[in-house]
Amino acid sequence: MSANIDQLYNFALLDEDAKRAIRRSLLKAVALPGHLVPFASRDLPIARGWGTGGLQITLALVTPDDTLKVIDQGDDESVNAVNLRRLITRTTGITTTVDTAAATVIQTRHRIPEEPLRDDQILVLQVPMADPLRWVEPHLERATVMHGEADYGKMWVYLYESVVRAGDLRIASQYPVIVNRRYLMDTTPIPRWDVPKLHMAETLYLFGAGREKRIYAVPPYTAVEPLQFEDYPFRTEYRPGQRCARCGAENAFLTTHFVADARGGRWEATCSDANYCAKRRAQAEATA
Amino acid sequence: MGYVAVRGGAEAVARAEELVECLRLMGGSTPLHLPQIRDQLRHAVSRAMHEGALYAPLLAALAVKQAEGDSIEAAFLLRAYRTTLPRVMASLPVSGREMMCLRRISASFKDIPGGQMLGPATDYLIRLLQPALANEDMSVVVRAAERYEALVAIGGQRPGEVGRFPKVADYMRQERIIVDVPPDLAREAPFDITREPLTFPCPRSARLQAMAQADTGSLMSLAYSSVRGYGDAHPTLVELRYGYLPIQVAHPLTGEPITIGEIEATEAEVASKAHSVVNSAEPPRFNVGYGFAFGQSELKVMSMAILDSVLTQARIGSLSGESGPAADEEFVLLHSDGIEASGFVAHFKLPHYVTFEADLRVLDRARDHHAERASRLGQLVDQALEEQR
Ligand SMILES: [Zn+2]
């Protein structure tokens, strides 16, 4: 551990009782894949809605030997990722990395890394809404009963109507999935591109919603199926011919940026996963 | 430097922090001292304490200073500090009967046992700006002390008399005018929403705790909606009291109660004209709601008491007429916490370019679909949808 950590606070900020309570909820969540487990959700020095659920999971999990990666929009340098990493390192002194492959714990907002994750890694996702039924049933008491009875009819009707009216399953990111053929689960606002990465993965995925006070999980090798119709299958954002303007990747989630140049500027699509893009460019340079 | 994909985020965050610090002091005026804030910005300190859910006047003054007077930010700072403190032990339950009152009023009866005591109230002040306050020096402090002494002399307190008063609610209970909320049978210890997840339906102790640390403005707005027409509140103020409450804990070895200090607090009971029937054998009585907050926080405790009364009635099914959003416990408790609400509203400042990109793709498809619907088949679908409406 580094010497400059704040001695006023416990290792990883939270007191040990809080960590234990969170780990207990995590165990329950792993035992019931996709099920929303309520937890007390402590106050943190970070604002609600800015990653407090993911942060509590990370703080409850990390040991001094962990190597942590924090990303927002796939980017380690995004200001919110920087800020969360700063809090975690200041209260733990643990090592951090931007290299996806080198991390043991990865906390993320809105993305799953492009590089396939391994069974010795944990991905912690920050969750804003938690309950996928919020689209059709905002009342928690009623939604809990619906989950209990696997009564997801309202959701199917919602999706059907969106196809009829808008030509697509209208939920863009945060796409609803059925986990382990039982629970309807919110995938957090990851793009649809990332949804298949949850299915039968090697990695443990943990989801934390701080403001909504819910924890849920997708354990390794769990079936995760997006809601879809036989004649209207789930489609990702992928467009044939898409290509990263920086590394040339054709199979990655791209976001569009404005790049200023001598002629006033242009729009460019590049990998949203910054480390993936950088690695590919380094590789290309090495082989060139 | 663009906001999108800010590179060198660490430096940007550090510079932003510095700028905030600079802006606070760049006006060149004398830095505020914490006792000044504690004594002269009493209500800002009270609000930081009850919304921050931590009784610590000097720390609250620090929070108000650091937050540059922003009430939600000050409460946020206190909560973020409170969460790191261990729970050593719970204090013993304290009743408002024990309060050393500086003020106690009732709107239900003209005369009440012990008498009405207006105390330090702003209710009847004429709201004119007082130019004299703009340029005060230490002489006003001396004069205030003298005037206070004179006021105490006029009040004519008899030796040995303490500021304790019987409660109006006790009298109303005795007269069977009001009925107490049925206790949560399943729970002996009060619920703690900072240690247990708040799920619904929730016990009343969870409701009261959530409201005690809720944003004053949010509670006021919801309570107002219920009394104005989107509800069935019809409140009457049974009693409002403000003063000092002794805090006791049980001695860890002997179990004897020991006073460890006192807190400044406000509490209110509100009776609702809507009749409450416990069981059909009992005659109807008024339902009662309770509000409590640190400091002199009258608007907060009245809003809280009104909502508590409405929510109890909604739970036991004795509301008549329009119930409105203030009668929905989930709606009230999940949308009135200032820290949670402000955090989430503000989080839309965070980059959303991944989700927005995904939204754009769906927009593309909706546009293609729209174009297709211009076809004959599309017109038929439109027609069918139109007829459905
Ligand atoms: Zn790339």
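This report covers the confidence, domains, contacts and backbone details of a two-chain model.

**Basis and confidence**

The model is predicted; local features need pLDDT of at least 70, side-chain atom pairs count only at pLDDT 80 or more, and totals for chains, interfaces and linings use all residues. Residues are numbered from 1 along each chain as its sequence is written, chains are lettered from A and ligands numbered from 1 in the order in which they are written, and side-chain values use heavy atoms, with hydrogens and water left out.

The predictor gives the complex an ipTM of 0.73 and a pTM of 0.83. Per-residue confidence is given as pLDDT, which runs from 0 to 100. Chain A averages 93, and 98% of its residues score at least 70. Chain B has a mean pLDDT of 88, with 92% of its residues at 70 or more.

Both chains have a stretch of low score. In chain A, residues 1-5 stay under 50. That stretch has nine contacts beyond four places in sequence, a contact being heavy atoms within 4.5 Å. In chain B, residues 1-6 are below 50 and have 14 contacts beyond near neighbours in sequence.

Helices (DSSP H or I runs of at least four residues) and strands (E runs of at least two) are numbered from the N terminus. In chain B, confidence is lowest in helix α14 (residues 376-388), at a mean of 78. It is highest in helix α3 (residues 42-52) of chain B, at 98.

**Domains**

Domain bounds come from an automatic or database domain assignment. Chain A has domain 1 (16-135 + 144-226) and domain 2 (241-282). Their C-alpha centres lie 26 Å apart. The contact takes 15 residues from domain 1 of chain A and nine from domain 2 of chain A.

Chain B is divided into domain 1 (10-82), domain 2 (96-130 + 166-344) and domain 3 (351-389). The C-alpha centres of domain 2 of chain B and domain 3 of chain B are separated by 50 Å.

**Two interfaces**

The size of an interface is often given as the accessible area lost when the parts come together. Here, buried area is the accessible area (1.4 Å probe) that two parts lose on being put together, summed over both. The table sets out the values for the two interfaces.

| Interface | Buried area | Share on carbon and sulfur atoms |
|---|---|---|
| Domain 1 of chain A and domain 2 of chain A | about 950 Å² | 49% |
| Chain A and chain B | about 4,800 Å² | 58% |

Start inside chain A. Domain 1 and domain 2 of chain A share two salt bridges. A salt bridge is a side-chain nitrogen of Lys or Arg within 4 Å of a carboxyl oxygen of Asp or Glu. The side chains of K279(A) and D99(A) form a salt bridge at 2.6 Å, N to O. There are also nine residue pairs in polar contact between these domains, both residues at pLDDT 80 or more. A polar contact is a pair of N or O atoms within 3.5 Å; within protein, one must be able to donate a hydrogen and the other to accept it, and residues adjacent in sequence count only if both atoms are side-chain atoms.

Now the chains. Contact involves 60 residues of chain A and 52 residues of chain B. The rule finds seven salt bridges across this interface. E340(B) and R48(A) pair through their side chains in a salt bridge of 3.6 Å, N to O. Residue pairs in polar contact number 18, both at pLDDT 80 or more. On the side of chain A that touches chain B, α3 (79-92), α4 (140-148), α5 (153-166) and β11 (254-259) of chain A each supply at least two residues. α3(A) gives the most, with five residues.

Over all chains, the structure holds 51 salt bridges. K279(A) lies in helix α6 (residues 274-287) of chain A and D99(A) in the loop between β3 (95-96) and β4 (105-109) of chain A, so this pair links parts 180 residues apart in sequence.

**Backbone details**

Most residues other than glycine have a negative phi, and most peptide bonds are trans. F200(B) and P201(B) are joined by a cis peptide bond, with omega about 0 degrees. P201(B) is in the loop between β2 (178-179) and α8 (204-212) of chain B. Q174(A) has a positive phi, near 60 degrees. Q174(A) lies in the loop between α5 and β6 (176-179) of chain A.

Technical notes. pLDDT = per-residue confidence, 0-100.
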